[in-house]
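Welcome to this short tour. Keep your viewer open beside the text, and select each stop as it comes up.

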Amino acid sequence: GGSFTTVGGTTRNRAAAVGTDGTLTNWDPNVGSSTVTTIVVSGSTVYIGGQFNTVGAAIRRNVAADSSWSFTLAVDARIPANSELSGRLQPRCSQWRVR
């Protein structure tokens with residue numbers, strides 16, 4: 001995650017995934033303007049956090065989750081505007097902090 005808009009010449013807005021062979025995957029959440037600061041994978045669910053208002057065509061303020069790698073966006077946490085979500089995953093414990 002970050003504030004980038006391309007990876008290796010391919011459009012990927014602020015979040016991307018690279019396979020073990022180093023090639024860009026098809027995963028493309030298309031995060032709206034601003035920055036992704038956190039990407040956490042837990043089991044088959046991908047969580048992204050940061051300062052953004054949309055992911056794909058859906059309104060998702062600062063946090064989104066997907067369990068199918070198609071970003072159907074299971075989460076709309078309504079984190080307050082101008083807040084930033086950061087997180088880390090530890091064995092048997094997910095910790096999230098809103099700043």
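Before the first stop, one definition will help: two strands pair if DSSP finds at least two bridges between them. With that in mind, please remember that you are looking at a predicted model.

**The whole chain**

Start with everything selected and shown as a cartoon. The protein has 0 helices and 9 strands, and from the N terminus on, its elements run β-β-β-β-β-β-β-β-β. Of the 99 residues, 34% count as buried. If you switch on a surface, its accessible area is about 5,700 Å², and 47% of that belongs to carbon and sulfur atoms. Among contacts in the protein with a separation of 6 or more, 21% are made by residues 24 or more positions apart.

**The hairpin**

Next, select residues 35-42, which are β3, together with residues 45-51, which are β4. These two strands form a hairpin with 2 residues between them. Zoom in on the turn and pick Gly 43, where phi is positive, at about 65°. How many bridges join β3 to β4? There are 7 bridges, and the two strands run antiparallel. For one facing pair, highlight Val 36, which stands opposite Gly 50 in β4.

**The third strand**

Now add residues 63-66 to your selection; this is β7. You have an open sheet of 3 strands in the order β3-β4-β7, with antiparallel pairing. Which strands are at the edges? They are β3 and β7, each of which pairs on one side only. Neighbouring strands of this sheet are turned by 15° against each other on average, with direction ignored.

Look at the border between β4 and β7, where the antiparallel pairing runs over 4 bridges. Two facing pairs are worth labelling here: Gly 49 stands opposite Val 63 in β7, and Ile 48 stands opposite Ala 64 in β7.

Show the side chains of β7 as sticks. In a regular strand, side chains alternate between the two faces of the sheet. On β7, Val 63 and Ala 65 point one way, Ala 64 and Asp 66 point the other way, and all are buried.

**The nonpolar core**

From here, select the 10 residues of the largest nonpolar core: Ala 15, Ala 17, Trp 27, Val 31, Val 36, Val 46, Ile 48, Phe 52, Val 55 and Ala 64. You have already met Val 36 opposite Gly 50, and Ile 48 opposite Ala 64.

Centre the view on Phe 52. What does Phe 52 touch, leaving aside its neighbours within four places in sequence? Its contacts include Val 31, Gly 32, Ser 33, Ser 34, Thr 35 and Val 36, and also Arg 60, Arg 61, Asn 62, Val 63 and Ala 64.

Pause on Asn 62, one of those contacts. Asn 62 sits in the loop between β6 (58-59) and β7. Although Asn 62 is not a glycine, its phi is positive, at about 75°. Is Asn 62 buried or exposed? Its relative accessibility is 5%, so Asn 62 counts as buried.

**The loop between β2 and β3**

Move on to the loop that follows β2 (10-11) and leads to β3. Select Arg 12 and Asp 28, whose side chains meet in a salt bridge at 3.7 Å, N to O. Both residues lie in this loop, so the pair ties together parts that are 16 residues apart in sequence. The count for the model comes to 1 salt bridge. Colour the two partners by accessibility: Arg 12 has 8% and counts as buried, whereas Asp 28 has 36% and counts as partly exposed.

Beside Arg 12 in the sequence, pick Asn 13, which is also found in the loop between β2 and β3. Asn 13 is buried, with a relative accessible area of 16%. Not counting residues up to four places away in sequence, Asn 13 touches Phe 4, Thr 5, Asp 28, Asn 30 and Val 31.

For the last stop, follow that contact to Asn 30, whose place is in the loop between β2 and β3. Phi of Asn 30 is near 50°, a positive value in a residue other than glycine. With a relative accessibility of 33%, Asn 30 counts as partly exposed.

Terms used:
Residues numbered from 1 in each chain as written. Predicted model: local features only at pLDDT ≥ 70, side-chain atom pairs only at ≥ 80, totals over all residues. Heavy atoms only, no water. Axes fitted to C-alpha atoms, helices over the stretch in contact; angles between N-to-C directions. Buried < 20%, exposed > 50% of the residue type's maximum accessible area, 1.4 Å probe, protein only. Core = buried A, V, L, I, M, F, W, Y, C linked by side-chain atoms within 4.5 Å. Contact = heavy atoms within 4.5 Å. Areas by Shrake-Rupley, 256 points an atom, 1.4 Å probe, with all protein chains shown as cover. Salt bridge = Lys/Arg side-chain N within 4 Å of Asp/Glu carboxyl O.
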